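I opened this notebook to record what I looked up in a structure that was new to me. The entries follow the order in which I worked.

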Amino acid sequence: MKHTVLTLLIAFIWPLSAQVKVEEIASKKLNATREITILTPPSYATDKNKKYPLLFLLDGDYLFDPFSGIVSYTEYWNDLPEVIIVALTQDNAEQREFDTQTAEQNGLPFDQSEKFFEFLAYELVPSLEKNYRVAPFKIIAGHNMTANFMNYFLFKEKPVFNAFISMSPELAVNMETQLPEQLAKLKSPVYYYLATADGDLASQQKTIKALDTNIKAVTNPNLKYFFDDFRGASHYSLVARAIPASLYDIFSCYQPISSSEYLEKIVKLPSGYVKYLTDKYDVIVKDLGLKIPMRLNDFKAIEAAILKNGVYDELRDLSDVASKQYPKTTLSDYYSGLFYEKTGDNKKAVKAYMRSYTLEPIGEYTTEFMLEKAEKLKER
């Protein structure tokens with residue numbers, strides 16, 4: 001009954017186009033059924049060709065609401081991509097302990113927890129990939145015991161997940177040394193977020209900080225590592241702060257160019273501004289498995305850096321990129337015209353701006369805007 005009420009409440013809170021449902025998954029590994037809650041994003045029903053990163057939550061009975069709320073907010077502003085959220089219900093402390101127990105001598109799963117691991121890796125995730133449009137990029141998140149347990153996916157040569165959100169993990173024996181050893185062997189990009197708080201038990205903080213120190217010593221370029229030590233947070237309130245921090249860290253390459261990124265990274269470059277833009281979106285494809293159109297504001301940021309540093313030749317490169325990204329719009333001709341204008345060839349600049357007659361406007365670059373620029377150049 002409580003899950004029915006929860007589902008109705010979530011459905012009321014979320015936009016009607018977002019879909020929440022609860023499913024029972026039969027497992028041969030566990031010889032039992034397990035409950036999952038699935039949230040598909042607003043565009044899922046209308047964009048039939050789009051695939052979405054998977055955000056998989058252990059401790060889903062209490063992590064689903066805070067994660068789904070943050071995801072809804074960040075999707076609204078297009079700061080983070082739309083994701084499919086799947087939350088596994090672990091009803092009580094006994095269930096969590098059975099799912100995540102480790103052997104005292106070597107810290108590895110055994111008996112029920114080994115079967116639980118196999119259920120996740122070989123039954124549940126493949127089933128989700130078969131029945132939902134899941135992109136190659138998959139995130140797993142956990143808290144306390146489950147935050148430790150999810151590390152075992154990294155002990156496989158090909159981890160099932162690409163990103164890990166570990167909040168106040170209760171680390172198994174030797175995990176602070178074994179996990180960094182595994183991370184050093186990574187052959188493909190993995191994002192790893194780790195958090196503790198001064199409200200964690202002293203012994204727990206000690207092992208987490210030892211793990212942090214050892215991970216920071218790993219030099220593997222495939223590892224993207226993030227760490228937070230929250231002041232004034234408890235073992236439980238940490239979760240509310242770690243969720244947005246972890247998602248923004250993991251999806252940092254997806255986010256639009258910010259003012260700080262522009263000032264600290266882009267404008268300081270002597271050249272290569274257009275390459276910075278194309279590399280940014282190449283990483284989104286390579287690491288996240290997402291292909292998205294370049295944002296107009298990102299074009300504007302690169303344009304501003306080019307103009308500020310007077311590297312006008314790059315406006316032609318920017319025009320080429322705009323032609324591929326927005327082929328039927330005025331954007332490419334705008335940058336072509338701007339190149340000729342800045343290099344003193346007003347005649348060619350006028351021709352480029354005048355071509356807007358047959359093209360679609362994009363943003364502020366309307367036909368009227370382009371023709372006005374052409375007329376001003378004619379008057380010179």
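The entries below concern the whole protein, two helices and one pocket.

**Entry 1: the whole protein.** I note at the outset that this is a predicted model. I looked up the secondary structure and found 15 helices and 8 strands in the protein. I then took the extent of the C-alpha trace, which spans about 80 × 45 × 40 Å along its principal axes. The protein has 380 residues, and 51% of them count as buried. I also looked at contacts between residues at least 6 apart in sequence; of these, 71% join residues at least 24 apart.

**Entry 2: helix H15.** I turned to H15, which runs over residues 367-379 and has 13 residues. From its first C-alpha to its last, H15 reaches 19 Å, and I compared this with the 18 Å expected at 1.5 Å a residue; the two are close. Which residues of H15 are buried? I listed Thr367, Met370, Leu371, Lys373, Ala374 and Leu377. These buried residues lie on the same side of H15 because they cover an arc of only 155 degrees around the axis. On the other side of H15, I found Glu368 and Glu379 exposed. I recorded Lys373 as a charged residue that is among the buried ones of H15.

**Entry 3: what H15 packs against.** I asked next against which helices the buried residues of H15 pack. They pack against helix H13, residues 331-342, and helix H14, residues 346-354.

**Entry 4: helix H14.** I followed the contact to H14 and looked up its buried residues, which are Ala349, Val350, Ala352 and Tyr353. Their arc around the axis is only 165 degrees, so they lie on the same side of H14. The face turned away from that buried side carries Lys347 and Lys351, both exposed. I then checked what covers the buried residues of H14, and the cover includes H13 and H15. The packing of H15 against H14 thus appears in the entries for both helices.

**Entry 5: the second largest pocket.** I left the helices and looked up the second largest pocket, in which about 280 Å³ of space lies. How many residues line the second largest pocket? I counted 14 in its lining, and those nearest its centre are Lys156, Glu157, Lys158, Pro159 and Lys187. I divided the lining by residue type and obtained 6 nonpolar, 3 polar and 5 charged residues.

Technical notes:
Residues numbered from 1 in each chain as written. Predicted model: local features only at pLDDT ≥ 70, side-chain atom pairs only at ≥ 80, totals over all residues. Heavy atoms only, no water. 1 Å grid on protein atoms, 1.4 Å probe; cavity = no way out; pocket = protein on both sides within 12 Å on 5 of 7 lines; lining within 4 Å. Points joined across faces, edges and corners; volume = space filled by probe spheres on them. Helix = DSSP H or I, 4+ residues; strand = E, 2+ residues; numbered from the N terminus. Expected span 1.5 Å × (residues − 1). Buried < 20%, exposed > 50% of the residue type's maximum accessible area, 1.4 Å probe, protein only. Arc of directions from axis to C-beta. Contact = heavy atoms within 4.5 Å.
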